[in-house]
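This briefing is meant for a reader who is meeting the structure for the first time. Please look over the sequence and the model shown below before turning to the points that follow.

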Amino acid sequence: MPDGRGGKKYYNIQKVCAISTGVHPYLTELHSLFYKDRVKVLPKQFLIDNFDMVALAVLVGDGGNFSENSIRICTDSFVKDDTYFLIDLFSKFYKSRLTVREEKENKFRVVLTKVSKHLEFFEELRSILPKCMHHKVTPVLNEHQVTTQ
């Protein structure tokens, strides 16, 4: 490229594309419910009124993992009392044993245990989640589990 003085100069030309989107007011409202002064909180009454099977499926799809006949949901950012509150919410949908495990100091996780005995629950979760998340809710039974059901 000419440099304006009769010589050639080489420039590093970059192509840049920027996109700007608006924020839906409902997302702003939800954010203000779940964060106070940049700290995550549980809006308990909101959850009592609105938590359903779809919300549980999304939570499992986002922060859950299947291991050893149980599903662990990573709730590390919540305090212990809030984690027990979540167990109460989950118990409306999962009728087996729910526990809280302290994985690290002050890092608590909800665990849905004995999942092989509640396959209909996981079929319902699978019907809600996209296929790319089915591995999180597909209990694979070993030979012993199959014979002892």
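Helices, of at least four residues, and strands, of at least two, are taken here as DSSP runs and are numbered from the N terminus. With that numbering, Thr 75 can be placed in the loop between strand 4 and helix 4. The model is a predicted one, and its secondary structure comes to six helices and six strands.

**Overall make-up**

- Read from the N terminus on, the elements follow the order α-β-β-α-α-β-β-α-β-β-α-α.
- The protein has 149 residues, of which 31% count as buried, and its accessible surface comes to about 10700 Å², with 53% of that area belonging to carbon and sulfur atoms.
- Among the contacts with a separation of 6 or more, 53% are accounted for by residues that stand 24 or more positions apart.

**Salt bridges**

- The structure holds four salt bridges, and one of them joins Asp 82 to Lys 44, with the closest N and O atoms 3.5 Å apart.
- Because Asp 82 lies in helix 4 (residues 80-90) and Lys 44 lies in helix 2 (residues 44-50), this pair ties together parts that are 38 residues apart in sequence.
- The two partners differ in their exposure class, since Asp 82 is buried with a relative accessible area of 13%, whereas Lys 44 counts as partly exposed at 36% relative accessibility.
- Another salt bridge is formed where the side chains of Arg 72 and Glu 103 meet, at 3.7 Å from N to O.
- This pair links distant parts of the chain, with Arg 72 in strand 4 (residues 70-74) and Glu 103 in strand 5 (residues 98-104), 31 residues apart.
- Arg 72 counts as partly exposed at 22% relative accessibility, and Glu 103 also counts as partly exposed, at 32%.
- Glu 123 forms a salt bridge with Arg 126, the closest N and O atoms being 3.9 Å apart, and both residues lie in helix 5 (residues 119-128), three residues apart, which is about one turn of the helix.
- An α-helix has 3.6 residues a turn, so residues three or four places apart point the same way.
- Arg 126 is partly exposed, with a relative accessible area of 26%.

**Helix 3 against helix 5**

- The axes of helix 3 (residues 53-63) and helix 5 come within 9 Å and cross at roughly 85°.
- Helix 3 and helix 5 are therefore roughly perpendicular to each other, as crossing angles of 65 to 115 degrees are placed in that class.
- On the helix 3 side, Met 53, Val 54, Leu 56 and Ala 57 take part in the meeting, and on the helix 5 side their counterparts are Phe 121, Glu 124, Leu 125 and Ile 128.
- Val 54 and Ile 128 also appear on the surface, where together with Val 58 they make a nonpolar patch of about 220 Å².
- Ile 128 itself is placed in helix 5 and counts as partly exposed at 31% relative accessibility.

**Helix 4 and its cover**

- The buried residues of helix 4 are Asp 82, Thr 83, Phe 85, Leu 86, Ile 87, Leu 89 and Phe 90.
- What covers these buried residues includes helix 2, helix 3, strand 4, strand 5 and strand 6 (107-113).
- Thr 75, in the loop that leads from strand 4 to helix 4, counts as buried at 1% relative accessibility.
- Leaving aside residues up to four places away in sequence, Thr 75 touches Thr 83, Leu 86, Phe 108, Arg 109 and Val 110.

**Positive phi values in a loop**

- Most residues other than glycine have a negative phi.
- Asp 37 has a positive phi of about 50° although it is not a glycine, and this residue is found in the loop between strand 1 (35-36) and strand 2 (39-40).
- Arg 38 is likewise a residue other than glycine with a positive phi, in its case near 65°, and its place is in the loop between strand 1 and strand 2.
- Asp 37 counts as exposed at 78% relative accessibility, and Arg 38 is exposed too, with a relative accessible area of 84%.

How values were computed
Residues are numbered from 1 along each chain as its sequence is written. This is a predicted model: local features need pLDDT of at least 70, side-chain atom pairs count only at pLDDT 80 or more; totals for chains, interfaces and linings use all residues. Side-chain values use heavy atoms; hydrogens and water are left out. Buried means under 20% relative accessible area, exposed over 50%, partly exposed in between (1.4 Å probe, protein chains only). Patches are made of residues with over 30% relative accessible area and no salt bridge: like charges are joined within 9 Å, nonpolar side chains (Val, Leu, Ile, Met, Phe, Trp, Tyr) within 5 Å. Accessible areas come from the Shrake-Rupley method with a 1.4 Å probe; for residues, only the protein chains shown count as cover. Axes are lines fitted to C-alpha atoms, for helices over the stretch in contact, and angles run from 0 to 180 degrees between N-to-C directions. Angles under 35 degrees count as roughly parallel, over 145 as roughly antiparallel, 65 to 115 as roughly perpendicular and the rest as oblique. Contact means heavy atoms within 4.5 Å.
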